[in-house]
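I opened this model to look up its ligand site, its core and a few backbone oddities. The entries below follow the order in which I checked them.

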Amino acid sequence: MHDIVVLGGGPGGYAVAFRAAARGLDVALVEADELGGTCLHRGCIPSKSVLHVAEVLEEVNRADVLGLKLTFDGLDGDGLSAFRDGVINGLHKGLEQLAMSRATVHRGRGRLTTADDGRVAVDVTDDDGMVTRVEGQNVVIATGSIARSLPGVEIDGEVVQSSDQALWFTTPPRRAVIIGAGAIGMEFASMWRPMGSEVTVVEALDRVLPLEDADASRAVAKAYRRRGIDVLTSARVQAVGVDAGAGTVDLEVDAGPRTLEADLILVAVGRGPNTAGIGAQELGVLDDRGFVQTDGYGATAVSGLWAVGDVRPTLALAHAAFAEGQVVADRIAGIEDVQPVDHTHTPRVTYCHPEVASVGLTEAQARERYGDAVAVSTASMKGNAKGIIAGSDGFVKVISLAGDTPVGAIGDGGAVLGVHIVGPHATDIIGEATLATAWEAIPAELAAITHAHPTLYEAMGEAFQSAAGLPFHGH
Ligand code: NAD
């Protein structure tokens, strides 16, 4: 009898296991495939590896500006695969070692069941069909998510692909149509365009990255068009056709019907919970969309049954799953004062080019909540030395409360409600902003912190100074 049995060894599952082990609990981890989940094997890590290659290629493409005489002889598909797989394998090996030292790892497909004593247990079926019952005081569902498609569109894995297949290319597609301008769609566009692909991104809503601040969406769409990526917004997909190794996408755009031709159609319209066939339905813990229903701490209505990560209707991000996993483990360990994860303070990071990162409220959300009390300060990266050297500009936009507007129970005026960054290394420099929003810092305090020069993140310092009414280079 373990303290915890975790079903699924992705970021959510291993976060539960590692935190529980750190708290002295006995943990079993059940994994049907490889430890590391979508993030390590089919998502974040392979995509960021290939995006890095695309980024190097962008630099090669501006070699003349850098005073370098380079010739580019083309992409070595095998070399690209070896690089990507080397990154995955290295991380996977390390993760396996950590997991084996902290948990009992069961290989096989797990299914929730009710044991004789009424507790939830997990039946694990291995490759030979042998079933082992793994029992614990608590069971955590961490089975992650799967790619969604559109009604009537079959992902054949050849012409029509999801990100599960599209990451493994050795030759980039000549003409790619990407359906969906969320994180996946925008990252693939950034991957393929420098490699010479003709790329069209099709988005049903009126802007790319629709969950981001509208200024970020505008800046990225502009940068994409400048780089020769066709961006079609408010475009409704009517049909997807495949014939003789090529595809067509019929669209309804504001100007009327339009048909796009492609060698590869990437369907990137979101991911859904991977909860079918795991016994969760039978336990009555799923909502009508297949997500596991929990309270803020991850507890379901069934005693001793918890859930973390993409199976919950929160943010489908690896670091959101880490955070949820740690909270569940702490709750089970009986730690006092554990707070539910507040995803308002969970950063969002999109590795398109230019990168986009944000935390907290968008300007529209802040205005809806606080009306005219919202103040907006933007520092452009146009004059930022490191940005100029990197050949890319962008901005840091700080949303705060004006003057002495009290923030809920805090009572201090002017708190930072949200920070939005577009530009080089935005996904790294968001770090400071997550501290600012999580600690409900006020711009005056942040403006007094010395930011190194020349750096990209000094733009954040300047945005905080503007928010404090003390603009330095900006207004
Ligand atoms: P998403 O939900 O972020 O974006 C899907 C996009 O497709 C939306 O903009 C939506 O409006 C659009 N769409 C839906 N139906 C459409 C249609 N019929 N025609 C055109 N557009 C349509 O989903 P995703 O990009 O597939 O990513 C899946 C999940 O994985 C998300 O939760 C995402 O945040 C996460 N993810 C995160 C990162 C990252 O953090 N860098 C990277 C990849 C994926």
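**Ligand shell**

H7 gives the largest share of the shell around the ligand, 3 residues. I note at the start that this is a predicted model.

I then listed which elements supply at least two residues of the shell, and found H7 and strand E18 (348-350). The shell has 23 residues, and the closest are Ile184, Glu187, Glu203, Gly270 and Val349. Sorted by class, the shell holds 16 nonpolar, 4 polar and 3 charged residues.

Next I looked up polar atoms beside the ligand. A backbone N or O atom of Val349 is 2.6 Å from a nitrogen atom of the ligand. For Ile184, I found a backbone N or O atom 2.9 Å from an oxygen atom of the ligand. A polar backbone atom of Ala204 lies 3.1 Å from a nitrogen atom of the ligand. On its own the ligand has 830 Å² of accessible area, and the protein covers 76% of that.

**Glu187**

I went back to Glu187, since the shell list names Glu187 among the closest residues. Glu187 sits in helix H7. Is Glu187 buried or exposed? Its relative accessible area is 7%, under the 20% cut-off, so I recorded Glu187 as buried.

A polar atom of the Glu187 side chain lies 2.9 Å from the backbone nitrogen of Tyr351. Leaving aside neighbours within four places in sequence, I found Glu187 in contact with Ser47, Lys48, Leu51, Val349, Thr350, Tyr351 and Cys352. Val349 in that list is also one of the residues closest to the ligand.

**Nonpolar cores**

Nonpolar side chains tend to be buried together in soluble globular proteins. I looked for such groups here.

The largest nonpolar core counts 34 residues, and those with the most contacts inside it are Met186, Phe188, Trp192, Val220, Tyr224 and Leu266. Two or more residues each come from helix H3 (44-61), strand E9 (175-179), helix H7 (183-192), strand E10 (198-202), helix H8 (214-226) and strand E15 (264-267). Which element gives the largest share of this core? H7 does, with 5 residues. H7 thus has the largest share of the ligand shell and the largest share of this core.

I took Met186 as the example. Beyond its neighbours within four places in sequence, Met186 is in contact with Ala181, Val201, Val208, Leu209, Val220, Tyr224 and Cys352. Val220 and Tyr224 from that list are themselves among the core residues with the most contacts. Cys352 is in contact with Met186 and also with Glu187.

Another core lies apart from this one; it has 25 residues, including Phe18, Val27, Leu29 and Leu35.

**Backbone oddities**

Most residues other than glycine have a negative phi, and most peptide bonds are trans. I searched for exceptions.

The peptide bond from His353 to Pro354 is cis, with omega near 5°. Pro354 is in the loop between E18 and strand E19 (356-360). His453 and Pro454 are also joined by a cis peptide bond, with omega about -5°. Pro454 is in the loop between helix H13 (443-447) and helix H14 (458-467).

Asp337 is not a glycine, yet has a positive phi of about 65°. Asp337 lies in the loop between helix H9 (318-332) and E18, and I recorded it as exposed because its relative accessibility is 69%. Glu440, likewise not a glycine, has a positive phi of about 50°. Glu440 is in the loop between H12 and H13. Its relative accessibility is 29%, so Glu440 counts as partly exposed.

**Two spot checks**

Thr434 is in helix H12 (residues 426-438). Its relative accessibility is 18%, so Thr434 counts as buried. Not counting residues up to four places away in sequence, Thr434 touches Pro347 and Val359.

Val131 is in strand E6 (residues 131-141). I noted Val131 as exposed because its relative accessible area is 53%. Not counting residues up to four places away in sequence, Val131 touches Asp123, Val124 and Thr125. I also took its distance to Met100: the two are 31 residues apart in sequence and 21 Å apart in space, C-alpha to C-alpha.

How values were computed. Residues numbered from 1 in each chain as written. Predicted model: local features only at pLDDT ≥ 70, side-chain atom pairs only at ≥ 80, totals over all residues. Heavy atoms only, no water. Core = buried A, V, L, I, M, F, W, Y, C linked by side-chain atoms within 4.5 Å. Buried < 20%, exposed > 50% of the residue type's maximum accessible area, 1.4 Å probe, protein only. Helix = DSSP H or I, 4+ residues; strand = E, 2+ residues; numbered from the N terminus. Contact = heavy atoms within 4.5 Å. Near = heavy atom within 4 Å. Polar contact = N/O pair within 3.5 Å; in protein donor to acceptor, adjacent residues only side chain to side chain. Areas by Shrake-Rupley, 256 points an atom, 1.4 Å probe, with all protein chains shown as cover. Nonpolar A, V, L, I, M, F, W, Y, C, P; charged D, E, K, R; others polar.
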